[in-house]
Structures are given as C-alpha cells and as structure tokens.
Amino acid sequence: MHSQQVTAEPQPNDGAERDSAAGDVPGVLRSPAPGTDRASLAFDVIIAGCGPTGAMLAAELRLHDVRVLVLEKEIEPTSFVRIVGLHVRSLELMAMRGLLERLLQHGRRRPAGGFFAAIPKPAPKGLDSTYAYLLGIPQPVIERLLAEHAIELGAQVRRGCAVAGFEQDDEGVTVELADGTRLRSRYLVGCDGGRSTVRKLLGVGFPGEPSRTETLMGELAVGMPQEEIAARMAEVRETHRPFWLRPFGEGIYSVVVPAPEVGDRAQPPTLEDFKQGLRAIAGTDFGVHSPRWMSRFGDATRLAERYRVGRVLLAGDAAHIHPPIGGQGLNLGVQDAFNLGWKLAAQIRGWAPEALLDSYEAERRPVAEDVLDNTRAQTELLSAEPGPQAVRRLLTELMDFDEVNRHLTEKITATGIRYDFGEGPDLLGRRLHDLDVKQGHLYGLLHRGRGLLLDRTERLTVGGWSDRVDHLADPTAELDVPCVLLRPDGHVAWIGDDQQDLDDHLSRWFGRPAD
Ligand SMILES: Cc1cc2nc3c(=O)[nH]c(=O)nc-3n(C[C@H](O)[C@H](O)[C@H](O)COP(=O)(O)OP(=O)(O)OC[C@H]3O[C@@H](n4cnc5c(N)ncnc54)[C@H](O)[C@@H]3O)c2cc1C
C-alpha cells in the first residue's frame, strides 16, 4: 500500500455512523462506503477478525478502556453450526469475566473425560475445578455472545470490512481495507483465522505439515430410514472413526465424511463431493440431498514462526492450526486472547514493564506447540493401521492409571499449563482454581480484569498499584500458602508473605507504582 500521513488525534466518538439496519446488535457498524477516507479516525487497537479470538480480545481490551475496533470481513455471521466443546479452562475464563451463565443457557454439559483421541475413559478423579465438565455449544453462539459482550463493553465491530494491507511505523499502524479505506491505530492484532491475511502480509512463516486428508461436513436431507442409517453407520465406524450421520430434526442430518480427495479449501464442496465420499466409505450415498450448508476442513498442522513483529501481533488460528481432534482450537485461541488482552492494554495505558508484551509469545507459543503435538499424537491413534491400533490399545490400558488419565485430560482441558515464572513452588505460574473467599467466589472478584492480591496474613498492601491490582485480605481463604498475587488472567505470579518481595513482583508484572 502507498503511505499516507495520519495526523488526527482520536475522538471519543470516532464519527462512524451507527447502523440501525445492521440489525439486532447495537454497536455493529455499517461498512464504510467504498473509497471513504477514514484515515483521520484513530484507535488504540484494530483487530482483524471477529471470530472467537478477536471478540474475546476486544472484550479484554475494553476492560481497560482501550479504544478497540474489530474489522470482520464477512457481512453476516457464519451459519455453519459446528458444535464445539468449551473445555474446563475456557469455562473458568468465562466464569472469571461473568460470562459463564450466558453460555450455559445455550449449551449442554457433558463429562470432561474421554476426549483424548476419543478414548472412552471417564475424567480422572477429583479434577481440581468448579467447572469440571465440557460445554457442547454451537460455535456461532459462542461468537455471538462474545461479540455482544465486547460491544456491551464499548468495542466497535465493523462487518463487511476485510483487512487488505497495513504499514507500521514508530507510532502506529495504518490499516487498509479491501475497499481502500484507511484506518489508524497504535497496534494491529491478526485474529483472522488459519489463512490469516495479517500473518501473510507480515511475512511470518507458517511452517508445519500440509493437509493429508480432508473431511466434508454439512447439514443435508437424507433419503433413507433411520434404522438403516444406524445399522450402516455402526458397521462403517468400526474402521472409519471420523464419519457420522446424526439426525438434526426434520429429516436433516449432520454429515461428516472423509472427502474423496484433498481439494481447494477456499471453495465449498459440492453435493456430488458428499455423495462420492459417502459411497467410497459406506457403499451408499444414503440418498443425501437438499444441503443447508456444506463445508470442508483439513488436518494441516502449522505454527507461526513469530507472534509479534513490532506493533502487529497474531492470535488464535492465525498463529496455529491443527486437526480438530480433542476440540482444542477455539479454546486455545480464546486463551491466547485472555493472555494478550491485559498485556497489550498495559502497553497502551503506559504502565507495562518492558518485557510484558513479549511474554505473550514466550508463554503462549509453547502452549500451542504442545497442543499441536498432542493433536499429531491423537491423529496417529485414530489410524486404522495395525501399529497405531496396538498403541491405542496400550494407551487405553494405561489410562486406567489415574495419573496418566489426569495428565492427558489436563492437556486437553488446558488446566495443566504452568508458565515459566522462574524458581518457586509448583503453584507459581499455574492457574488458581476458583475457591471460596469471604466475598463469595474468587472468580467473581476477577470480572474487571485486574490483578488480585489474595492475602491471608491481612498485613500486606498493594500500595501504589491499587489502580491496577485489588487486595482481598481474607484469613479464611482456602489456600495452603499465606498469600498469592494473581495476574488478570488468573495465573499465580507470586507466593509469599513478605512486603518487599511482593513489591518487587508487583513491579515485575504491573510496572511502576502510581505516584
Ligand atoms: C470440524 C471442526 C470442529 C472443531 N471443533 C472444535 C472444538 O470442539 N473445540 C475447539 O476448541 N475448537 C474446535 N475447532 C476449531 C475452531 O473452530 C477454531 O480453532 C476457531 O474457530 C478459531 O477461532 P479464531 O477466532 O482464531 O479464527 P476464526 O474462527 O477462523 O475467525 C477468524 C475471523 O476472521 C475473519 N477474517 C478472515 N480474514 C479477514 C480479513 N482479511 N479481514 C477481516 N476479517 C477477516 C473471518 O471471517 C473470521 O470471522 C473445530 C474446527 C473444525 C473445523
């Protein structure tokens, strides 16, 4: 893109028209008219993509009064009803921000176990969480609720706006939309999915393995009696696990079937592709017809070489992709956003210690590496070949040991993550589970996205950090250490009872105290 001088200071109301016709959701803005020069509008952060990662990040930034604009290329939210699972750690994050109740109304609770390579084992005993279940919920509902939450907090979401280019300089980023509109912000975050335009324009490599197989997924009418379908399916599923036809009501079935070949995933599949795939695997096409929608996904595994270049960052599928086995992708992206939000906000608000923003990549890239590896392993375990089948049987036996089951479940649910905060007790760097405190539940005190000192000694203080960190003195809190300092993402940043040591750690995570 050609460069352009951007001068105007941001205004509280950026002048973009609110679009009553844009529908139900207040705060959703109409796409600007083609060619409209909006270079004079400035934001702190522009987020490319209003999927789950982008919406969560926008909400987290708004908790700290950061001016956020989310640009989403699609005019309408997706209609693909992909049921995804929110795992324990994501449910905890939602509880920490007061969002869980809304989600629970739209989903179905299921047991937390049995997700590693679909090996049917119950969850290990005593999972250390109040939210020890899986919430099955349609992805479009999650996206809607997260976007509504971000908008309620003051984020602007503009649909029908595709990020097509950007240029960064010392002060900020100039973002160009597909229609030539230019917008100015201090940071840009690419939450624009696996084929991320932002990542490509940034020149960040995305090494890994390409798709070896492809799966078709859709909702179609089926012209075969239910009993016949069930019998045929049971037979085929003995050897082909990633295959199903599930009744959706009114003669419509959710159909998942291996594609006959790896095709161009930018193009939706055709009805004929479904018929061919079904015939190849089941010897019949089940009389499928009248599709509601059809989609395809591959099993590529890739990780961005970097998560940050200057003022541009990547999060969610834009930074990592892997096969859906274990149901971790959306969870991983939302958790990236939760890690990044308060750090980027601190940078913008001017109190971030020097290394804070870079700790996003330092903490989250290893987590993504681990997820990629566990999905590679799970993919092998789903193979019908005799070798992998033997390993699967062995692992199935090993999972009867609670420790093995717990280890694998903690990977899938992201409750086993321990960030490297240096030497210290095992709890340091881990999440703190929701516990009873004198004001109710700990997570209920984290809705505002601030740090928290949970102090059983009742003699410590957060002093000059009180504008960023809350203090709860509670000798009755169910902790087996005297005090913990929690970051806004609920990870334990310090354990101890010494004020000077606490002050050092408050500086490390929350910058210089206010005067
Ligand atoms: C069959 C299947 C089942 C799955 N099941 C699960 C599961 O159970 N649990 C789980 O955690 N995950 C699951 N996943 C993975 C999950 O769907 C993704 O990881 C998740 O959608 C990633 O969210 P995201 O916001 O990072 O990216 P996306 O959801 O891809 O969102 C990116 C957004 O950016 C927009 N965009 C793209 N380019 C631009 C641009 N240039 N400018 C502006 N906007 C742009 C897109 O329109 C989109 O709205 C599954 C995936 C598949 C395929």
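1. In which sense, parallel or antiparallel, do strand 22 and strand 24 pair, and over how many bridges? In this predicted model, strand 22, which covers residues 451–455, pairs with strand 24 in the antiparallel sense, and the pairing runs over four bridges. A point of reference within this pairing is L453, which stands opposite L485 of strand 24.

2. Strand 24 has a further partner in strand 25 (residues 492–496), and here too the sense is antiparallel, with four bridges between the two strands. C483 can be used to find the register, since its bridge partner in strand 25 is G496. The two strands form a hairpin in which five residues lie between them, and in the turn G490 has a positive phi of about 80°.

3. Strand 24 itself, residues 483–486, deserves attention for its side chains: C483 and L485 on one side are buried, V484 and L486 on the other are buried as well, and both faces of the strand are therefore covered, where buried stands for under 20% relative accessible area.

4. Elsewhere, a reader will find an open sheet of three strands in the order 11-16-19, with antiparallel pairing. Strand 11 (208–209) and strand 19 (320–321) are at its edges and have a single partner strand each, so one side of each is left without a neighbour in the sheet. Packed on this sheet is helix 9, residues 358–381, which touches strand 11, strand 16 and strand 19, and whose direction makes about 170° with that of strand 16. Strand 11 and strand 16 (residues 301–303) run antiparallel and are joined by two bridges; the partner of E209 in strand 16 is T301.

5. As for enclosed space, the count comes to two cavities of 30 Å³ or more. The largest cavity has a volume of about 80 Å³, and its lining includes R89, L93, R364, D489 and H491. Helix 2 (88–96) and helix 8 (329–349) each supply at least two residues of this lining, with helix 8 giving the largest share, three residues. By class, the lining of the largest cavity divides into five nonpolar, three polar and three charged residues.

6. The second largest cavity has a volume of about 40 Å³. Its lining is made up of A112, G113, G114, F115, F116, M399, L408, T409 and I412. Six of the lining residues of this second cavity are nonpolar and three are polar, while no charged residues take part.

7. Among the open spaces, the second largest pocket holds about 310 Å³. It is lined by 19 residues, of which D370, E410, K411, G416 and I417 are the closest to its centre. Helix 8, helix 9 and helix 11 (402–413) are the elements that give two or more residues to the lining of this pocket, and the lining as a whole divides into seven nonpolar, eight polar and four charged residues.

8. Some parts recur when these points are read together. Helix 9 packs on the three-stranded sheet and also gives residues to the lining of the second largest pocket, whereas helix 8 contributes to the lining of that pocket and to the lining of the largest cavity. I417 is one of the residues that line the largest cavity, and I417 is also among the residues closest to the centre of the second largest pocket.

Key. Residues are numbered from 1 along each chain as its sequence is written. This is a predicted model: local features need pLDDT of at least 70, side-chain atom pairs count only at pLDDT 80 or more; totals for chains, interfaces and linings use all residues. Side-chain values use heavy atoms; hydrogens and water are left out. Two strands pair if DSSP finds at least two bridges between them. Contact means heavy atoms within 4.5 Å. Axes are lines fitted to C-alpha atoms, for helices over the stretch in contact, and angles run from 0 to 180 degrees between N-to-C directions. On a 1 Å grid over the protein atoms alone, a cavity is a set of points where a 1.4 Å probe fits but cannot get out, and a pocket is an open set with protein on both sides within 12 Å along at least five of seven lines; lining residues have an atom within 4 Å of a point. Grid points are joined across faces, edges and corners, and a volume is the space filled by probe spheres set on the points. Ala, Val, Leu, Ile, Met, Phe, Trp, Tyr, Cys and Pro count as nonpolar, Asp, Glu, Lys and Arg as charged, and the others, Gly among them, as polar. Buried means under 20% relative accessible area, exposed over 50%, partly exposed in between (1.4 Å probe, protein chains only).
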